[in-house]
Amino acid sequence: MNTSVMPAASEQQILEIINRFQGKPGALLGILETVQESNPHKYLPEETLQLISKHTGTPLSRIYSLATFYSFFNLQPQGEHIILVCRGTACHTRGSRVLLEDLSCLLDGSAFLETGENTFTTKDKKFTIKTVACFGQCALAPVVSIDGVIYSRMTTARMKGIIEKLAKGGKKHE
Amino acid sequence: MEQTTVKKEEGLVTGKVAAGTPKGVATCSITVNGKSYYVPKGKTILEAVSSLGYSIPTLCHLPEVCSNASCGVCVVEVKGAKSLLRSCVTKVTEGMDIQLASHRVLAARRTNVELLLANHPKDCLSCLRNQNCELQSIASLLGIESIRFTQTRKKPFPLDTTSEALVRDPNKCILCGRCVAVCSEIQGVNAIDIMGRGTKSQVATFFFKGLGNVACTNCGQCALVCPTAAIVEKDHTAEVWKALQDPKKVVVVQTAPAIRVGLGEAMGMEWGALVTGKMVAALRRLGFSKVFDTQFTADLTIMEEGHELIQRLTNGGNLPMITSCSPGWIKFIEHFYPKSLSHVSTCKSPQQMFGAVAKTYYAEKMGIDPRDMVVVSIMPCTAKKYEAKRPEMMGAFHYWQARLNLLEKDKFYDVDYALTTRELARMLKQASIKFDALEEEEFDDPLGRSTGAAVIFGATGGVMEAALRTAYEVVTKKHLPSVEFQAVRGLEGIKTAEVDLNGTKLKVAVAHTLKNARTLLEQIEKGESPYTFIEIMTCPGGCLGGGGQPIPTDTEIRKKRAESIYREDSRKGIRKSHENPAIQQLYKEFLKEPLSHVSHELLHTHYKERGVY
């Protein structure tokens, strides 16, 4: 398994992205989003934020403020597969807490539940778990999204099956 | 207040016009607590009612800098409005009916402050800002007797102790945003911002590196505007107490010009009280063996810097030359404009010149082993703490190294401890000194002798004026008819003047605050600077408004302190640095001449390119 970190966006790529957003309102958010997407590990490393600051003239503190405000932005390398567990009220009442605990246990990350953080990435960078507030799919609770696909009425057994498949490098979805 | 009757279309309305409303200014009629008034249009409710004899409590509001409307303390009730309105950002409108102290208003203010207090540590008695805390005052003012809300923060935030100058305690922060605004809007430094979201929000630096590891200039304006003790100076009073009680040490003190116009405030006197003599008496009572004056080396700075300017002018050196007294400014240019570093005078600041001279010239003269000497400086400044610990500030050690066969382990700084005005005030209180009752005393000789030119270093434009007084006489060899250069005085952001030195026209500029410094630096980097000599001071108003000065410090207080500075100058017998007899003696006995070899060794320095991180 190859866990080496792939190179982040180059200064040239970042400049191109900045130019694409030139003059558009809220450009910085768009720039951060596009740069994060272009990163193989879907995150914003420190050096990348420094380049964005240098070329947009936005202070580092401002950029970091923005990047820490929106949970969409990642400051740590993300796993190959991203699992979002809804912790909204409806999902909570339908057992999303237990689902999250089981999932964390399955991926050796139970400790993260105690930290108050809302995200955890496995050591092998295979999986990232994140909690979100609501998908707006409350009727289908509990809801989990795996690599962008929403699964309704999720159970631990079903989740375990999907994860085992993904861990083996199998097909992305059921 | 003037009682007037004004004819209005809808009939005869009786009301009071707000005091100080100039004639001809558009007004609107408002009702405050049931009484009618006319107030100027375009004002906020907070501003409008302040001239009517009311004072709405505020917490996050910082006049002239920011109104984040984040604290909710200034809420008022306006008839017809759906909710209570924040008076700091709501403008008055015609016919507005305002209640400043209704039950609903008072209850809301209490609730808002109680919410802030829920997560605020309850360690007031042992807090550095005890009795000088706006949150504490507001809680008392609003009559808060209990806090109904429980703490939501599970784990305390770690302290930021990475800086030599400042300590941040995010647990005490109420997220008012004043420090962020001052750092960005006044200084243009942007070292801090609000990071995270919800209960995890906190003021912090890029990647939580800490103030000591980012492009922070240590100016301390954040500490000056902080309503609580979330940002304070790094306290060094314990170290100074220890040195004072050590019989083996010779502890001497130097005081910056701005201390004599600030210290009185911290000791309960009026804004800008001029307390030079009392300050000297108090320092003697604290136990310093000699009470000296940074103004002595301010005069020395003028000698060195003045001659450096003349040398640059005659030898085609890099111009404009920029002053180097303000350590916040030095770190600023090292971070943000390193390409222009060759424009900065190589002179050390007066604080550092003092340390170097005290531990060489004075130690030698008095037969004191420099290793036993402790130099304490009292500064209006937090950046001076950082400056004192710059590795290049060991001029005296290098001077003695060969002469006394000193080893690396004997290394000592020229200045051992830099205390702020606030720290000195704390020491005086602890030492049971009745400050206002003290008889005035004089500084010790020879490092306590100074001229009027040195006093004005404490105000923006002062270094420029002092330099011009000397440069004029040195260059023209003529007597300067009037020593006062009014054009470089005052609180305008950037001041410019043209001086005629024997036919050579010298264009000069003076800037205070780093945002204004940026404007002058951009000109230099574009090759468009019309100036020969520039003075830059980090803090608004110059050192008298420094980050180590008593809290509060606002524009009115800065003006009062400046008046005292110029009063002290005008009553000094000698008002030009080159006429200071103690300086003349120092050159005769030790330095030989300005820019001499010894001068370069002890009084000049170099800078470092740092970059932004």
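What share of the contacts in chain A between residues at least 6 apart in sequence join residues at least 24 apart? Here are some notes to read beside this predicted model.

1. To take that opening question straight away: the share is 58% for chain A, counted among contacts between residues at least 6 apart in sequence. Of the 174 residues in chain A, 41% are buried.

2. The make-up of chain A is 8 helices and 5 strands. Following the sequence, you will meet them in the pattern α-α-α-α-β-α-α-α-β-β-β-β-α. Along the principal axes, the C-alpha atoms of this chain occupy a box of roughly 50 × 35 × 30 Å.

3. A word on domains. Chain A is assigned a domain 1 covering 11-69 and a domain 2 covering 81-167. Taken over C-alpha atoms, the centres of domain 1 of chain A and domain 2 of chain A lie 29 Å apart.

4. Now to the interface. Chain A and chain B bury about 1400 Å² between them, and carbon and sulfur atoms account for 59% of that area. On the chain A side, three residues are worth finding in the viewer: Leu60(A), Ser61(A) and Tyr64(A) together supply 39% of the area that chain A buries against chain B, more than any other three residues. The contact draws on 16 residues from chain A and 16 residues from chain B.

5. Polar links also cross this interface. Between chain A and chain B there are 6 residue pairs in polar contact, both residues being at pLDDT 80 or more. The rule finds 2 salt bridges across the interface. One of them joins Arg62(A) to Asp193(B), with 2.6 Å between the closest N and O atoms.

6. Which elements give two or more residues to the side of chain A that touches chain B? They are α3 (46-56) and α4 (60-69) of chain A. Helix α4(A) gives the most, with 7 residues. By type, the residues on this side of chain A divide into 7 nonpolar, 6 polar and 3 charged.

7. Finally, a look at one helix of chain B. In α13 (residues 395-403) of chain B, the buried residues are Gly395(B), Ala396(B), Phe397(B), Tyr399(B) and Trp400(B). What do the buried residues of α13(B) pack against? Their partners are α11 (350-366), α19 (581-591) and α20 (597-603), also of chain B. After α13(B) comes Asn405(B), which has a positive phi, near 50°.

Terms used. Residues are numbered from 1 along each chain as its sequence is written. Chains are lettered from A and ligands numbered from 1 in the order in which they are written. This is a predicted model: local features need pLDDT of at least 70, side-chain atom pairs count only at pLDDT 80 or more; totals for chains, interfaces and linings use all residues. Side-chain values use heavy atoms; hydrogens and water are left out. Contact means heavy atoms within 4.5 Å. Buried area is the accessible area (1.4 Å probe) that two parts lose on being put together, summed over both. A salt bridge is a side-chain nitrogen of Lys or Arg within 4 Å of a carboxyl oxygen of Asp or Glu. A polar contact is a pair of N or O atoms within 3.5 Å; within protein, one must be able to donate a hydrogen and the other to accept it, and residues adjacent in sequence count only if both atoms are side-chain atoms. Helices (H or I, at least four residues) and strands (E, at least two) are DSSP runs, numbered from the N terminus. Ala, Val, Leu, Ile, Met, Phe, Trp, Tyr, Cys and Pro count as nonpolar, Asp, Glu, Lys and Arg as charged, and the others, Gly among them, as polar. Buried means under 20% relative accessible area, exposed over 50%, partly exposed in between (1.4 Å probe, protein chains only). Domain bounds come from an automatic or database domain assignment.
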